[in-house]
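This report describes a structure of two chains, moving from individual helix contacts to the cores and the interface. The sequence and coordinates are shown first.

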Amino acid sequence: MPKQPKTRVQGEVARLIFFFSVIFLSAIALMSMPRIAAPLTFAYVLYLILSPLIPRLMKLGFGRNTSLGILFIGLMFSMTYPIVKLVPMITADSQNFRYYIPKMEKYVVEKYQDIKVEVEKRSGIQLKDSYATDAIYGARKAVTSFLLYLPQYLASTLEWIFLVPLFIFFLLKDGYRLKKMILGLTPNSIFERFYYLGHQFNKKLGDYIFAKFVEASIVGIIITTGLWALDIRFALLLGLISSITNIIPYVGPIIGAVPALIMVVAEYGVGASFGGVLTLYIVANAIDIALVFPILVSKIVDIHPIMVVISVILGSQYFGLIGMIISIPFAAAVKLVGAEIYRELYATRASRGA
Amino acid sequence: MESYEKGINTKVESGQALPEKLDISLLKYFWQASPIAGSRIDTIPKFLRKIDVLKNFSDNELRVLSQWLHLRVFSDSEIIFKQKDIGVGLYFIYSGQVDVKVENDDTAEENIVLTLDKNDYFGELALLQEGSIRNATAVSRDTTQLLGIFKPDVENLIESYPVVATKLLQSISVIVANRLFSVTQELKRAKHKLHQMEVDSAKTTKN
């Protein structure tokens with residue numbers, strides 16, 4: 001092993017301490033400013049989705065700045081249009097949906113009483129009423145708070161209309177310079193490893209978010225179109241709920257289907273409409289499981305299902321919806337970094353020793 | 001000093017070879033005196049022009065390539081990378097010198113096998129191989145400036161500037177092919193020497 005002068009080693013250690021301190025302090029500063037950090041994180045997620053489009057536009061013969069302009073105008077339109085057009089529709093839908101809650105509650109209580117009588121007749125076991133009342137109380141609280149705050153969430157996005165495109169524009173325009181600046185600060189001893197792992201991390205995160213975004217959009221479009229074709233009320237709201245819940249692995253599609261099924265049973269009873277909606281959700285999720293997921297998502301994330309569930313729970317606990325979305329690629333990235341450290345500590349050292 | 005035109009005419013008349021590029025002294029003077037010409041943006045492409053394996057690049061392609069290179073400064077005796085480390089980058093020596101050391105498997109001592117100078121390059125295999133292991137240790141001599149290009153840059157370059165990326169990979173292939181040719185020649189010589197020694201030893205045993 002080549003010996004290096006002591007002062008030079010000390011200099012390198014100082015650079016390493018400085019570098020990691022800058023990263024750590026930047027992370028703390030961001031976390032202490034949630035109003036900036038949340039749209040910035042969202043902008044970064046969108047930046048990861050959009051940045052691969054710039055080289056594609058450049059291949060069509062546009063310059064870098066022109067490509068950036070085209071992308072930015074497209075982004076502004078696609079962000080402003082849904083908010084101007086869809087927010088009032090979704091808000092109206094969610095307001096109306098609140099009036100349906102007592103109707104749905106009444107239906108569930110009636111059905112529970114029927115089941116209770118049936119169970120008592122057949123087995124002699126008496127079911128307590130509190131099972132139903134507790135469940136309804138919990139569900140009512142969750143649904144009311146979701147619907148009550150939905151317009152508020154949407155209204156707070158108005159602030160994001162200005163912030164997110166601004167952040168995205170500068171990330172797309174000056175992201176490369178920022179990257180160069182961070183790499184310029186990186187000490188020589190970890191430069192190659194840091195650069196490569198950082199690149200892999202961003203790639204995994206970007207690919208996963210893009211794939212998940214496409215997957216959720218496909219499911220949302222199928223369900224909204226299907227509900228609209230079946231002439232079911234709140235098609236847009238239910239489609240939006242199904243696409244948001246689709247982000248949660250395994251249980252997400254079921255959670256997404258529950259409000260629609262209860263609403264249909266309460267409104268139209270168990271009949272053709274219920275069958276139609278049930279079939280629609282099964283078909284939409286079958287398309288997702290059989291086609292969309294294997295093609296888009298599964299190749300990107302290769303982590304154990306238990307780790308997927310744990311990472312989603314932890315992500316939602318600490319960072320809410322965004323935590324839920326980024327938890328899986330984050331877990332995949334942690335696995336990547338862990339594997340790299342393991343290789344550095346054990347595999348490479350073993351080959352050195354050999 | 002005779003005029004440029006006169007000089008060219010003299011060369012044409014006497015049948016001498018003409019210069020490949022225009023060489024107008026006054027124009028050249030003003031061009032070089034330009035404040036933009038002295039900036040780093042301009043000096044890196046100029047430096048790259050001197051590298052033999054990049055000769056198939058046009059000036060604009062070199063300018064594009066220069067934007068993807070990372071300037072790294074290493075102090076005297078600083079390790080650039082270690083033998084058996086996983087590598088992801090190719091380096092061009094912008095200034096200074098680099099010692100290439102190989103560890104002896106038996107004694108674990110490192111011997112300098114090569115000293116690379118300005119305009120030389122090393123680490124090209126790391127750009128092509130997956131999980132490439134460095135074959136030698138590279139240590140800087142004096143303060144050394146290196147221009148590095150790494151796997152992520154090549155991946156991005158392929159997406160953004162496919163022609164430049166193709167030319168770069170072609171250049172790296174040329175480097176690797178040349179190295180492979182030298183190794184094959186070396187192996188041939190060693191084989192021949194071994195055969196000769198076997199023949200000699202057989203003769204000695206007979207006698």
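## Helix packing in chain B

Val154(B), Leu157(B) and Ile158(B) of helix H6(B) are in contact with Pro162(B), Val164(B), Ala165(B) and Leu168(B) of helix H7(B). By class, this contact of H6(B) with H7(B) consists of seven nonpolar residues, with no polar and no charged ones. The model is a predicted one.

The axes of H6(B) and H7(B), the latter covering residues 162-206, come within 6 Å and cross at roughly 135°. H6(B) is therefore oblique to H7(B), since the class of roughly antiparallel is kept for angles over 145 degrees.

## Overall make-up of chain B

Chain B contains seven helices and six strands. Along the sequence, these elements follow the order α-α-α-α-β-β-β-β-β-α-β-α-α. Chain B has 207 residues, of which 25% count as buried. Among its contacts with a separation of 6 or more, 71% link residues 24 or more positions apart.

## The hairpin of E3(B) and E4(B)

Strand E3(B) and strand E4(B), the latter spanning residues 110-116, run antiparallel and are joined by six bridges. Within this pairing, Val102(B) stands opposite Asn111(B) of E4(B).

Which residue of the hairpin takes a positive phi? Six residues lie between the two strands, and in this hairpin Ala108(B) has a positive phi near 60°.

## Overall make-up of chain A

Chain A has 10 helices and zero strands, so the reading from the N terminus is α-α-α-α-α-α-α-α-α-α. Of its 354 residues, 22% count as buried. Residues 24 or more positions apart provide 69% of the contacts in chain A that have a separation of 6 or more.

## The crossing of H2(A) and H6(A)

Helix H2(A), residues 34-50, and helix H6(A), residues 191-229, have axes that come within 8 Å and cross at roughly 90°. H2(A) is therefore roughly perpendicular to H6(A). On the H2(A) side, the contact is made by Val45(A), Leu48(A) and Ile49(A). On the H6(A) side, Asn202(A), Leu205(A), Gly206(A), Ile209(A), Phe210(A) and Phe213(A) take part. By class, the contact of H2(A) with H6(A) has seven nonpolar and two polar residues, and no charged ones.

## Leu237(A) and its surroundings

Leu237(A) is part of helix H7(A), which covers residues 235-245. Is Leu237(A) buried or exposed? It counts as buried because it has 24 C-beta neighbours inside 10 Å, and the cut-off for a buried residue is 20 or more.

Leaving out residues up to four places away in sequence, Leu237(A) touches Ile90(A), Asp93(A), Ser94(A) and Phe97(A). The C-alpha atoms of Leu237(A) and Ala92(A) are separated by 9.6 Å, although these positions lie 145 residues apart along the chain when counted as their sequence separation.

## Nonpolar cores

The largest nonpolar core holds 45 residues, and Tyr47(A), Ile168(A) and Ile223(A) have the most contacts inside it. The elements of chain A that give two or more residues to this core are H2, H4 (64-123), H5 (129-185), H6, H7, H8 (252-268), H9 (272-297) and H10 (305-353). H6(A) gives the most, with nine residues.

Ile223(A) is in contact with Leu238(A), Gly239(A), Ser242(A), Leu280(A), Tyr281(A) and Ala284(A), leaving aside neighbours within four places in sequence. Apart from the largest core lies another, of 36 residues, among them Leu65(B), Phe81(B), Val98(B) and Phe122(B).

## The interface between the chains

How many residues of chain B are in contact with chain A? There are 22 residues of chain B in contact with 16 residues of chain A. The elements of chain B that give two or more residues to its side are E1 (70-74), E2 (79-81), E3 (89-103), E6 (137-150) and H6 (151-160).

H6(B) provides the largest share of the side of chain B that touches chain A, at four residues. By class, that side comprises eight nonpolar, seven polar and seven charged residues. H6(B) thus takes part in the interface and also packs against H7(B) through Val154(B), Leu157(B) and Ile158(B).

Notes:
Residues numbered from 1 in each chain as written. Chains lettered and ligands numbered in written order. Predicted model: local features only at pLDDT ≥ 70, side-chain atom pairs only at ≥ 80, totals over all residues. Contact = placed C-beta atoms within 7 Å. Nonpolar A, V, L, I, M, F, W, Y, C, P; charged D, E, K, R; others polar. Buried ≥ 20, exposed ≤ 12 C-beta atoms within 10 Å, placed from the backbone. Axes fitted to C-alpha atoms, helices over the stretch in contact; angles between N-to-C directions. Parallel < 35°, antiparallel > 145°, perpendicular 65-115°, else oblique. Pairing = 2+ DSSP bridges. Core = buried A, V, L, I, M, F, W, Y, C linked by C-beta atoms within 7 Å.
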